Number of protein chains: 2
Amino acid sequence: MSDVRWLSAEEQQVWRAFMTAVTKFTEHLDRQLQRDSGMPMAYYEILVALSEAPERALRMSELASVCHSSRSRLSHAVARLEKEGWVVRQACPSDRRGSIAVLTETGFRVLEQAAAGHVTAVREHLFDVLTPDQLRSLAEISRAVDAGLTVQCAKVRREEFADL
Amino acid sequence: MSDVRWLSAEEQQVWRAFMTAVTKFTEHLDRQLQRDSGMPMAYYEILVALSEAPERALRMSELASVCHSSRSRLSHAVARLEKEGWVVRQACPSDRRGSIAVLTETGFRVLEQAAAGHVTAVREHLFDVLTPDQLRSLAEISRAVDAGLTVQCAKVRREEFADL
DNA sequence: CGGCCGTTGTTGAACCTTCAACCAGGATGC
DNA sequence: GCATCCTGGTTGAAGGTTCAACAACGGCCG
């Protein structure tokens, strides 16, 4: 257990700088959306996903995977979005278990409004403060981290299988 | 209002890759800590901050600023940590409004345990998947984003003053 | 001193997320 | 057909965060 590879002083610096930036950044975006459009970022992303889908509709499970959200979370979220009148749920014709979330016209207009402020904030605090080189790096880094997590999760799933 | 500088296709790709990576990464860390040590990452960071402070003690307001946390959040969090016996609150001798959070011996040991798994996860999914060059980039990028947010917040505060 | 304002910290309500439990419907094997 | 298992989706409770309101204290200036 004591064979932990602790972080060096420089590594700690990088790590903390990273976490600070990410925390402040996402907090800023979240607050902006909440203040200007009355929804947290997770809900905004649900609306975006729906708006880009054919017919502006997606099955709950697909929507969950597109949004990197758990089924449960999505269920609660869509319930709220439905109460606002931004989304409606329809029965799925091909699978009677299924539920299809559809973006309403009202929801689409709300999304358009929200997008303006959100994109502006993203540009202002991410794209405007980075050089083109840094942006390319960020893309690479993001893909590497994502890939690392995906591999790891596959490995964990294999181990779970091994347990049974 | 329509003078929004929307994102180009490439910019959108970078933006989504970034958000996906960050979301998955923080979610992974949070889940790891919750599972193995029974605390969310925000609470872990409170314990870390206390452990590094002289006497392992900090005033609530300082603790809040070190952890980038609101007073309210910290108050709730410390209440929970106190219930676990990991932290105790003492009156501040120099300022009778003040409250001082102190890490207990139990809390310190819990933190040591938690740190092993946490640092391992961070190394595995961040440091191990990035090249030294990418790490240097990431540090720069983080600092740039952080700086951009800090400037912006200062500007907002000035505008609030202007309103009055 | 006494009034006023800013700071410190807590509280409760509302909201969001997580987790475990659950129901209903498909899919598979006998 | 039916027993079994897996999948899709919802629900309620527990825990975390946010926001607004508040109480208590310090600091400042008349």
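User: How far apart are the centres of domain 1 and domain 2 of chain A?

Analyst: In this predicted model, the two centres are separated by 22 Å, taken over C-alpha atoms.

User: And which residues does each domain of chain A cover?

Analyst: The assignment puts 9-129 in domain 1 and 131-164 in domain 2.

User: Okay, on to the two protein copies. What makes chain A and chain B related as by a two-fold rotation axis?

Analyst: Look at the superposition: a turn of 180° and a shift of 0.0 Å along the axis lay chain A on chain B with an RMSD of 0.0 Å. The copies are therefore related as by a two-fold rotation axis. The contact residues fit that picture too: 100% of those in chain A recur in chain B, with the same surface serving both copies.

User: Now the DNA. What makes a residue count as near DNA strand D, and how many residues surround that strand?

Analyst: The test is a heavy atom within 4 Å of the strand. Around DNA strand D you'll find 22 residues, and the closest are A:Arg31, A:Ser61, A:Ser75, A:Arg97 and B:Ser72. Sorted by type, that surface has ten charged, eight polar and four nonpolar residues.

User: Why would you call the approach of A:Arg31 to DNA strand D a polar contact?

Analyst: An N or O atom in the A:Arg31 side chain sits 2.7 Å from a phosphate oxygen of DNA strand D. The cut-off for an N or O pair is 3.5 Å, so the pair qualifies.

User: Which side chains come up against a base oxygen of DNA strand D?

Analyst: Among them are A:Arg97, with a polar side-chain atom 2.7 Å from a base oxygen, and B:His76, where an N or O atom of the side chain is 3.2 Å from one. As for the elements behind this surface, chain A gives two or more residues from helix 3 (60-66) and from helix 4 (71-84), and chain B does likewise from helix 2 (41-52) and helix 4 (71-84).

User: What share of the DNA strand D atoms within 4 Å of the protein belongs to sugar or phosphate?

Analyst: That's 67%, with the rest in bases. For DNA strand C the sugar or phosphate share is 68%, and again the rest belong to bases.

User: Which residues come nearest to DNA strand C?

Analyst: A:Ser72, A:Arg80, B:Arg31, B:Ser61 and B:Arg97, out of 22 residues around it. The surface there divides into ten charged, eight polar and four nonpolar residues. Helix 2 (41-52) and helix 4 of chain A each supply at least two of its residues, as do helix 3 (60-66) and helix 4 of chain B.

User: How do you know that B:Ser61 makes a polar contact with DNA strand C?

Analyst: A polar backbone atom of B:Ser61 is 2.7 Å from a phosphate oxygen of the strand. With the limit at 3.5 Å, that distance passes, so the label holds. B:Ser99 also offers a polar backbone atom, 3.1 Å from a phosphate oxygen of DNA strand C. From chain A, a polar side-chain atom of A:His76 lies 3.2 Å from a base oxygen of that strand.

User: Let's try helix 6. Why is B:Ala139 called buried?

Analyst: Its relative accessibility is 5%. Buried means under 20%, so B:Ala139 falls in that class. B:Ala139 sits in helix 6 (residues 132-163) of chain B, and its C-alpha atom is 15 Å from that of B:Asp128, eleven residues apart along the chain.

User: What makes B:Asp146 buried?

Analyst: The relative accessible area is 19%, and the class takes values under 20%, so B:Asp146 is in. This residue of helix 6 is in contact with A:Thr20, A:Ala21 and A:Lys24, leaving aside neighbours within four places in sequence.

User: And why does B:Ser142 count as buried?

Analyst: With 4% relative accessibility against a limit of 20%, B:Ser142 counts as buried. B:Ser142 is in helix 6 of chain B as well, and touches A:Ala17, A:Phe18 and A:Ala21, not counting residues up to four places away in sequence.

User: Why is B:Glu55 called exposed and B:Arg56 partly exposed?

Analyst: B:Glu55 has a relative accessible area of 74%, and exposed means over 50%. B:Arg56 comes in at 27%, between the 20% and 50% bounds, so partly exposed is the right term.

User: Where are B:Glu55 and B:Arg56, and what is phi in B:Glu55 and B:Arg56?

Analyst: B:Glu55 is in the loop between helix 2 and strand 1 (57-59) of chain B, and B:Arg56 is found in the loop between helix 2 and strand 1 too. Phi is near 65° for B:Glu55 and near 55° for B:Arg56, a positive value in a residue other than glycine.

Technical notes
Residues numbered from 1 in each chain as written. Chains lettered and ligands numbered in written order. Predicted model: local features only at pLDDT ≥ 70, side-chain atom pairs only at ≥ 80, totals over all residues. Heavy atoms only, no water. Polar contact = N/O pair within 3.5 Å; in protein donor to acceptor, adjacent residues only side chain to side chain. Helix = DSSP H or I, 4+ residues; strand = E, 2+ residues; numbered from the N terminus. Nonpolar A, V, L, I, M, F, W, Y, C, P; charged D, E, K, R; others polar. Domains from an automatic or database assignment. Buried < 20%, exposed > 50% of the residue type's maximum accessible area, 1.4 Å probe, protein only. Least-squares fit on C-alpha atoms with pLDDT ≥ 70 in both. Contact = heavy atoms within 4.5 Å.
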